[in-house]
Structure formats: C-alpha cells, structure tokens
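Please open the structure in a viewer and keep the selection tool at hand. The tour proceeds from one selection to the next.

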Amino acid sequence: MAVLAVLLAGCTASPPPPPLTPQVSDPAFAVTVLDGDPAALAADTSTTLFASSPLAVLAAADDPDAQARAGERATRLGVPLLLTPDPSAELDRLGASTVLPVGAGAQEWAAASGRTVTADDPEVTAPADRDVLVLTDDPASPAAATARASGARVETVTDPDPRVAPPPGLDPRPAHVVALGGGFGPAERLSARLDVAATGTTLPGGGQVLFPGRRMVALYGHPGVPALGVLGEQGIPESIARAQALAAEYDPVSDEPVVPAFELISTVADAGPGPDGDFSSEADVEFLRPWVDAAREAGVYVVLDLQPGRADFLTQAQRYADLLAQPHVGLALDPEWRLGPDQRPSQQIGTVDVGEINAVATWLADLTRDGALPQKLLLVHQFRLSMIQGRERLDTSRDELAVLLHADGFGVPEEKLGTWAALHDGEPAGVVWGWKNFYDEDAPMFTPEQTLRVGPVPPVFVSFQ
C-alpha cells in the first residue's frame, strides 16, 4: 500500500502557472497627443498606457489582416499590440519575455528574436477599466487595440475638433485624455477644445464652431436710431422677427443653415467730443443687455459693433466684457471710425494699424478661452485697403476666434464687386468673409441669389443697413 501511495503521488498533475499580470500606468499629462506611423503610434500608445507586460501580441506593419486578428487577441488578453519590423525597444521596456505573433511576418521576427514564442492565449489578468479616454479616427488601428487592452475607453470621432462633434463621456471630464493622431494636436489646443466641448454650451444654430456649418444674416444699427441702420427702426420683438424673416429669405439659396443675427452698434462715432473727448458715444451695458438677452432666447447671434472715434478699440471692447462673456455674442471693429488725435467723424475715412486689431483679438480669444466658450466671431469692417495698415499681419491664429473681413462698399453692382475683388487681393490667411447690403445706397440692392454668387467663396456673414 505504501508503494502504491508513492506511485500515485508521482502521477499528481503539476499546478497551472499563475496568470500573467500586465501593469498599466496613467499618462504623464491630462491631455496627450500621439502621432507617427502605425508602428511608432502602437509603441507610443503602449508606452503611455502600460508600465509593464510579460506578454505582447505582435503583427507585421504591412499585414492589415493580421493586425485585425492580433487586435482582437490583444484586446481580449489585455496586453499591448506592437508591430514589426522591430518592436524590440518597447518589448524591452515592458519586460515582455513572451510574444504572441499573428501572421507570417510577425512569426518570422519572433522566431529570430530569442524571446519565448507562444501560439496560444495564455491566462492573463487583464487590466480593469479606468478613467482614461482615448480618441481615435481609426478604431481598427493597433494603437486603438492597445488602448482598449489597457482598460481605457476608446471613442471614435468624426472630427479631430471635439467642439465640432463632442465625444460622449466628457461630463465629467476624464482624468486623462489620449488622442491618437497628429490631427488632434497640439495637446494644449486639444485641452482647451475639450474644456469647451465638456460644457455642452452651443451657438445659435448648434455646435461650438462658427464656420463652416452656418451662414449669418444680420440687421445692422443702433437701437432707437433709424438713421444708423434698420435695426433701429423697430423695437426688440419686431427686430427679432425681422431678422428671422430676412434669414428665411436666404435659406432656399444657402448651402449652409442660416442663422439670424444683430450687428448692434454699441459705440457710435459722434460729431461732438463728449465728456471724455473721444468723439464716440458709448452705450451703457444695461441699455444693450435687453437686446442681447432677447436675442439669446430667440436663437439670434449678436455682434457688438465699435465706432471708437479717437479712442482705441481695445479700451472700448473691454467696456462690454460682461456681454461678450455670453456664448452668442461676438465683436465687430469699424476702422472707418477709428480717428487720429486731430480728426473728426465724417471728415475723412479712418484707419487703424493691424497691431491694434491683433491686441483686441488676443484679449477676446483669452476671454473666450478662460470662459470655455464656443468659438467667437471677430468681425473687421473694410471697404478700402488703407483702412487697415499692415493687414497682411492680421492674427488669425487663435483657435477661439473666427476672424471675418466684412466688405462694406455700397453703390451699383459693379462698384460693390470691384470693392470685393480689391479686398480679396492679398487677403490674410485664415479669414472668412462678410458682405453688406444697403437698402438705400445700393442701386439696386443684391438679391439673396446674387449675394451668395459673389466669389470665389460666398460670404458667411451678410448684414443689412
């Protein structure tokens, strides 16, 4: 009996090996953008999301079918997927002594690598879900498979700007966001865009980016003063209805949804110097607020227009910071009324150095960024090239703004089109364009069809005076 017991003991099966245990790591930054060819992107994603892994799945960079199969296995196991021709550096960092090659190319590399090669799925303790969001436009990529394997939530986006199509799961915003592809970057810009997308705040007409995606049709003027434009010919409810009706005239001929708007003259160039001596009459914020608030409720965009006289644009813009902090309010600068120290309104055409405009752009963009607001319109009027000195240096780099040059010429169609063409000659990079129709001064006024046929690109903002 004792001998039998010894024999039976010798036949006892060995215990199974313990499961392999990858270790994940949090990205070093709240927002990370990774870029590179597929092999580099796969390796960088592994570096960003995994601290170590005793096993990695391999596929060849030139074998998409093998990559698809390998991605499924890596996701199921919870280990990184790397690509040949040479993933050695990342395998060493991971401490991956065992590789699971999928496809002939990966198998050849693995056989020559000196590492343990397995064809079967070993037992692995996969990472748990965690507070990391990964954005990609290619959910089938090896990098996306590695991200899913790490326990991160992977969302496919149709646009690299999350303000255009916010991915789900931004409220609350995850502790870490990783974007796969250079189109998302740089990381600082993506982070600011994510801040906006997370608010859920939208512009009139929807979305958080102004153009493309909409066309605005605006009434221009100052409340209660018909001589300054059609917006002053009626009260608030009637102006809203008129703007909506005007926008509706453009709907049938516009390739973009049409949003009604007010261009609300907030500071009016004045024949007299006024108490501050600047020849500009500044409307009180509380005088304008009912118009701004009613427009918000009606889905009407508002542009606050400045005619500064001898004042500077930035000083006047800052008076209206409280109104400009609302998502549906933008800013317009009118250099025609930007006067020198000895000039008076209506005696000459004003002019401004582009540096002053750029200072306003910086201030307005910072206001928009700090408030996590949707993109804001900065409109600059022009009908003569001399009105903006150094226009080629106009700063359109701030992602928070859409910078629009607004062609203000009036007269017969040939004159208006001539002004339009002259302004487009040497136009600054990154601008969009606006057009103004005049009820009294144009002879005749352009129809909606004619307005949107001006080229080379139709205006995205049309105002009526």
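Select Leu135 together with Ala179: in this predicted model, Leu135 stands opposite Ala179, a residue of S10. Now extend the selection to the two strands concerned. S8 covers residues 132–136 and S10 covers residues 176–180; they pair in the parallel sense over five bridges.

Keep Leu135 selected and add Glu155. Glu155 is the bridge partner of Leu135 in S9. Strand S9, residues 153–156, runs parallel to S8, and four bridges join the two.

Next, display S8 alone with its side chains. Are its residues buried or exposed? Five of the five residues of S8 are buried, and the strand is mostly covered. Val132, Val134 and Thr136 point one way from S8, whereas Leu133 and Leu135 point the other way.

Then add helix H6, residues 142–149, to the view of S8 and S9. Together, S8, H6 and S9 make a right-handed β-α-β unit.

From H6, proceed to helix H3, residues 64–77. How far apart are the axes of H3 and H6 where the two helices pack? The axes are 8 Å apart, and the helices pack at an angle of about 10°. H3 is therefore roughly parallel to H6, as angles under 35 degrees count as roughly parallel. To see the contact itself, select Gln67, Gly71, Ala74 and Thr75 on H3, and Pro142, Ala145, Arg148 and Ala149 on H6. By class, this contact of H3 with H6 has four nonpolar residues, three polar residues and one charged residue.

The tour now turns to another sheet. Select strands S5, S4, S6 and S7, which form an open sheet in that order with parallel pairing. Its edge strands are S5 (81–84) and S7 (116–117), each of which pairs on one side only.

Within this sheet, select S4 (residues 55–60) and S6 (residues 98–101), which pair in the parallel sense over four bridges. Pick Leu55 and look for its bridge partner in S6, which is Thr98.

Finally, show the helices that accompany this sheet. H3 lies across S4, S5 and S6 and runs at about 170° to S4. Helix H5, residues 104–113, also packs on the sheet, where it touches S4, S5, S6 and S7. The direction of H5 makes about 130° with that of S4.

With H3 still displayed, bring H6 back into view: H3 both lies across strands of this sheet and packs with H6, while H6 belongs to the β-α-β unit with S8 and S9.

Definitions and conventions:
Residues are numbered from 1 along each chain as its sequence is written. This is a predicted model: local features need pLDDT of at least 70, side-chain atom pairs count only at pLDDT 80 or more; totals for chains, interfaces and linings use all residues. Side-chain values use heavy atoms; hydrogens and water are left out. Buried means under 20% relative accessible area, exposed over 50%, partly exposed in between (1.4 Å probe, protein chains only). Two strands pair if DSSP finds at least two bridges between them. A crossover is right-handed if, with the strands pointing away from the viewer, the path from the first strand over the helix to the second runs clockwise. Contact means heavy atoms within 4.5 Å. Axes are lines fitted to C-alpha atoms, for helices over the stretch in contact, and angles run from 0 to 180 degrees between N-to-C directions. Angles under 35 degrees count as roughly parallel, over 145 as roughly antiparallel, 65 to 115 as roughly perpendicular and the rest as oblique. Ala, Val, Leu, Ile, Met, Phe, Trp, Tyr, Cys and Pro count as nonpolar, Asp, Glu, Lys and Arg as charged, and the others, Gly among them, as polar.
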